[in-house]
Amino acid sequence: GLPLLHYTRGKCPETGRRIIAKGIVAVGRLAAGILAVGQASFGVIAIGQLGLGLLLGLGQGATGLYAIGQVAIGLMFGLGQFATGEIAIGQVAFGKYVLAQLGFGEYVWSTKRADPEAVEFFKSLLARFI
């Protein structure tokens, strides 16, 4: 019952409230869908100032299995100024494998601590992309 693409703008003239974009691809100030793009978005993949994604969240505040944002709350991977996840990379980060200026976790590579497991893990992770 969802449209393939739903784009909204402005307010509903009858109610005066913001219209929520709802679709497979939803685009609007408030958006909910498989791929949601908006100031506040919720979806499997969510992109926005507040991106609440189930799989991937991208935004100033982001959540998801994988999260990238200023505040990135990820379960598996978090990349941001403040990040959490199994693998967390950030200025302040919490996780199992952590690369951070100030890091907390099982294996941490930070300004104060360099666990050999963390150093090896992040060097091998970087080698995959080079």
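**Exercise 1. Find the partner of arginine 113 in its salt bridge, and say how exposed each residue is.**

Step 1: Look at the charged ends. Arginine 113 makes a salt bridge with aspartate 115, and the closest N and O atoms sit 2.8 Å apart. The term asks for a side-chain nitrogen of Lys or Arg within 4 Å of a carboxyl oxygen of Asp or Glu.

Step 2: Count. The structure holds one salt bridge.

Step 3: Check exposure. "Buried" is under 20% relative accessible area, "exposed" is over 50%, and "partly exposed" lies in between (1.4 Å probe, protein chains only). Arginine 113 has 33%, so it is partly exposed. Aspartate 115 has 15%, so it is buried.

A word on the source: this is a predicted model, where local features need pLDDT of at least 70 and side-chain atom pairs count only at pLDDT 80 or more, while totals for chains, interfaces and linings use all residues. Residues are numbered from 1 along each chain as its sequence is written, and side-chain values use heavy atoms, leaving out hydrogens and water.

**Exercise 2. Work out the strand order of the sheet and some bridge partners.**

Step 1: Get the order. Five strands make an open sheet, ordered 1-2-3-4-5, with parallel pairing. Strands here are DSSP runs (E, at least two residues; helices are H or I, at least four), numbered from the N terminus, and two strands pair if DSSP finds at least two bridges between them.

Step 2: Spot the edges. Strand 1 (5-7) and strand 5 (50-109) each pair on one side only.

Step 3: Walk across. Strand 1 pairs with strand 2 (residues 20-27) over three bridges, and histidine 6 has alanine 26 in strand 2 as its bridge partner. Seven bridges join strand 3 (residues 30-37) to strand 4 (residues 40-47); leucine 35 stands opposite isoleucine 45 in strand 4. Strand 4 and strand 5 also pair over seven bridges, and alanine 46 meets glycine 57 of strand 5.

**Exercise 3. Sort out how the aromatic rings pair.**

Step 1: Count them. The whole structure has five aromatic pairs. Rings of Phe, Tyr and Trp (its six-membered ring) pair if their centres lie within 6.5 Å; planes under 30 degrees apart are stacked, over 60 edge-to-face, the rest tilted.

Step 2: Classify two. Phenylalanine 94 and phenylalanine 104 have ring centres 5.0 Å apart and planes at 15°, so they are stacked. Tyrosine 97 and phenylalanine 121, with centres 4.1 Å apart and planes at 20°, are stacked too.

Step 3: Place the second pair. Tyrosine 97 is in strand 5 and phenylalanine 121 in helix 1 (residues 116-129), 24 residues apart.

Step 4: Widen the view. Tyr97, Tyr107, Phe121 and Phe122 form one aromatic cluster.
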